[in-house]
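Here is a short set of exercises to work through with the model open beside you. Try each task before you read its solution.

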Amino acid sequence: MAELVNAINDVIWSNYLIGLCLLVGVYFSLRTRFLQVRHVKEMVTLMFEGKASANGVSSFQALTISLSGRVGTGNIAGVATAITFGGPGAVFWMWAVAFLGASTAFVESTLAQIYKEKEDGQYRGGPAYYIEKGMGQKWYAWIFAIATVIGCGLLLPGVQANSIATGVANAFGIDPTVTATIVVILLGLIIFGGIKRIAQVAEVVVPFMALGYIIVACVIVAMNLSELPQIFALIFKSAFGMDAGFGAVLGLAIQWGVKRGVYSNEAGQGTGPHPSAAAEVSHPAKQGLVQGFSVYVDTLFVCTATALMILITGTYNVKGLTAGEFLVQNLPGVDAGPGYTQAAVETVLPGFGNIFVAVALFFFAFTTIMAYYYIADTNVSYINRQVHRPWLSLLLKLVIMGSVFYGSIRSADVAWGMGDIGVGLMAWLNIIAILILQKPALLALKDYEAQKKQGLDPVFHPEKLGIKNATFWEKRVAADKASKNEPHLARFESTGR
């Protein structure tokens, strides 16, 4: 099984995908004039604007749902894996893909808002929707939808569940089967409540877990502050092959940094657009900017916290190019994963590390599984528009619960490998789509900036920008005109006279 999974990953995660992720980030950064720098203040402001409605969630709730998907085991176990196979330099490449990926996240999330729809009393959207409505390629949309249901409903949840079980076993000695049963029961209670319940849980848990984790990381760094400058020097030197000890793994530093960076922050992967579409906003660019900032929170804050804890305490291994070879082996017999972070906290706070990381992993990974369910369910909803099989939604719930149980008790290598397949497939399909569909997102950004310059609270009118098939927004504009008793204006604009 492991051999087959690795063989598939070698094809999907070739150097072509690594290069594509980086180049697309550079391209969109240039096309948006580095909005991730210019609009940082606006991103933070917009997070707390917008209220939930009967049909949609607030901007902050959409952010936390998105963050619950982004901030997961990749931020703890994923960082450890990147360091093990790519050396400390992999951390720099995670930063790079996050900085560049913020512009990619803006484009895909803005597209999700532009082409969202209202289905069964709630907003739905994502790559399948904007591929069909923006590109007019229903077959391509179906491929993405099916790949996402498989990836988020079957492959990816096992990675998160495996990390929960591993962390709990390390801290409390609890059998993974027991952990799996508890997680499945809790998950069922939440996902049967729909998007509103997921949003309510996420907006409470996500800020709490991220802030608590970063505070502990800051304490550990503060207690080893004198070593911080040399740790940053090690990261930068290793990233460019200038460190004698890690020069041999320069290529792997880039490969694993980008791979784990994409896995962690999900920019370009196509998962973030799903909760973005559920937000109640007056202009698509608003949620696009909020989602751009979520990439910063995930990688520049949480992943960096993990990396610094591990590196500053020296609790990591780095594998060489040949089987069984280690460039660094500070933790003999410890596999790359939560054990690194647990050991890091234990060195500074004895008796606290195993428990703290196990609890953090539970919250990080559990909320990510919730987000995966929502993303998969959105694509089931898309498929159901054509096949009309209501039982598919129930089947998805059962499948994801089964995946969580199975993932908790299988080997970590297979779990991560299958997760990588899911991420890679979605990334290939989505990045190609947003490159083709970029124009509406860029027009929306330009329109948003123009309205802000005029001192207005931006409102989206797709017809004025020449954007077609944005049916949700077209209906909203028509309804707003009708509510203002201006039917003559509607006739005037529709006839062009």
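How many helices and how many strands does the protein have? The protein has 23 helices and four strands. Keep in mind throughout that this is a predicted model.

**Exercise 1. Getting an overview**

Task: Find what percentage of the residues of the protein count as buried, and what percentage of contacts join residues at least 24 apart.

Solution: Start with burial. Of the 497 residues of the protein, 59% count as buried. Then turn to the contacts between residues at least 6 apart in sequence: 81% of these join residues at least 24 apart.

**Exercise 2. Checking a helix against its expected span**

Task: Compare the span expected for helix H15 (residues 284–313) with the distance between its end C-alpha atoms.

Solution:
- Step 1: H15 has 30 residues, and the expected span is 1.5 Å times one less than the number of residues. That rule gives 44 Å for H15.
- Step 2: The end C-alpha atoms of H15 are 43 Å apart, which agrees with the expected span.
- Step 3: Now look along the helix for a bend. H15 bends by about 30° at Thr-304.
- Step 4: Check how covered the helix is. Of the 30 residues of H15, 27 are buried, so the helix is mostly covered.
- Step 5: Finish just past the end of the helix. Gly-314 follows H15, and its phi is positive, near 70°.

**Exercise 3. Classifying two helix pairs**

Task: Decide how H15 lies relative to helix H20 (residues 438–453), then do the same for helix H8 (residues 127–135) and helix H17 (residues 353–387).

Solution: Two packed helices are described by the angle between their axes and the distance between the axes.
- Step 1: H15 and H20 pack at an angle of about 100°, and their axes are 9 Å apart. Angles of 65 to 115 degrees count as roughly perpendicular, so H15 and H20 are roughly perpendicular to each other.
- Step 2: Ala-285, Lys-286 and Leu-289 of H15 make this contact with Ala-444, Leu-445 and Tyr-448 of H20. Sorted by type, the residues of the contact of H15 with H20 are five nonpolar, no polar and one charged.
- Step 3: For H8 and H17 the packing angle is about 40°, with the axes 9 Å apart. H8 is therefore oblique to H17.
- Step 4: On the H8 side, the contact is made by Ala-128, Tyr-129 and Glu-132, and on the H17 side by Thr-378, Asn-379, Ser-381, Tyr-382 and Arg-385. The residues of the contact of H8 with H17 divide into three nonpolar, three polar and two charged.

**Exercise 4. Placing three residues in helices**

Task: For Pro-127, Gly-167 and Thr-179, say whether each is buried or exposed, and name its contacts beyond the neighbours within four places in sequence.

Solution: The cut-off for buried is under 20% relative accessible area.
- Pro-127 lies in helix H8. Its relative accessible area is 0%, so Pro-127 is buried. Beyond its sequence neighbours, Pro-127 is in contact with Phe-144, Gly-270, Pro-273, His-274 and Asn-430. The C-alpha atoms of Pro-127 and Gly-270 are separated by 6.3 Å, although these residues are 143 residues apart along the chain.
- Gly-167 lies in helix H9 (residues 138–172). At 0% relative accessibility, Gly-167 is buried. Outside its sequence neighbours, Gly-167 is in contact with Gln-342, Ala-358 and Leu-361. Gly-167 and Leu-361 are 194 residues apart along the chain, and their C-alpha atoms are separated by 6.9 Å.
- Thr-179 is in helix H10 (residues 176–191). With a relative accessible area of 7%, Thr-179 is buried. Leaving aside its sequence neighbours, Thr-179 is in contact with Ile-164, Ala-165, Val-168 and Ile-174.

**Exercise 5. Two residues with positive phi**

Task: Locate Arg-33 and Phe-34, and work out how accessible they are.

Solution:
- Step 1: Arg-33 lies in the loop between helix H2 (15–31) and helix H3 (35–38). Phe-34 is also in the loop between H2 and H3.
- Step 2: Phi is near 55° for Arg-33, a positive value in a residue other than glycine. For Phe-34, phi is near 50°, again positive in a residue other than glycine.
- Step 3: Arg-33 has 49% relative accessibility, so it counts as partly exposed. Phe-34, with a relative accessible area of 31%, is partly exposed as well.

Methods
Residues are numbered from 1 along each chain as its sequence is written. This is a predicted model: local features need pLDDT of at least 70, side-chain atom pairs count only at pLDDT 80 or more; totals for chains, interfaces and linings use all residues. Side-chain values use heavy atoms; hydrogens and water are left out. The bend at a residue is the angle between axes fitted to the seven residues ending there and the seven starting there. Buried means under 20% relative accessible area, exposed over 50%, partly exposed in between (1.4 Å probe, protein chains only). Axes are lines fitted to C-alpha atoms, for helices over the stretch in contact, and angles run from 0 to 180 degrees between N-to-C directions. Angles under 35 degrees count as roughly parallel, over 145 as roughly antiparallel, 65 to 115 as roughly perpendicular and the rest as oblique. Contact means heavy atoms within 4.5 Å. Ala, Val, Leu, Ile, Met, Phe, Trp, Tyr, Cys and Pro count as nonpolar, Asp, Glu, Lys and Arg as charged, and the others, Gly among them, as polar.
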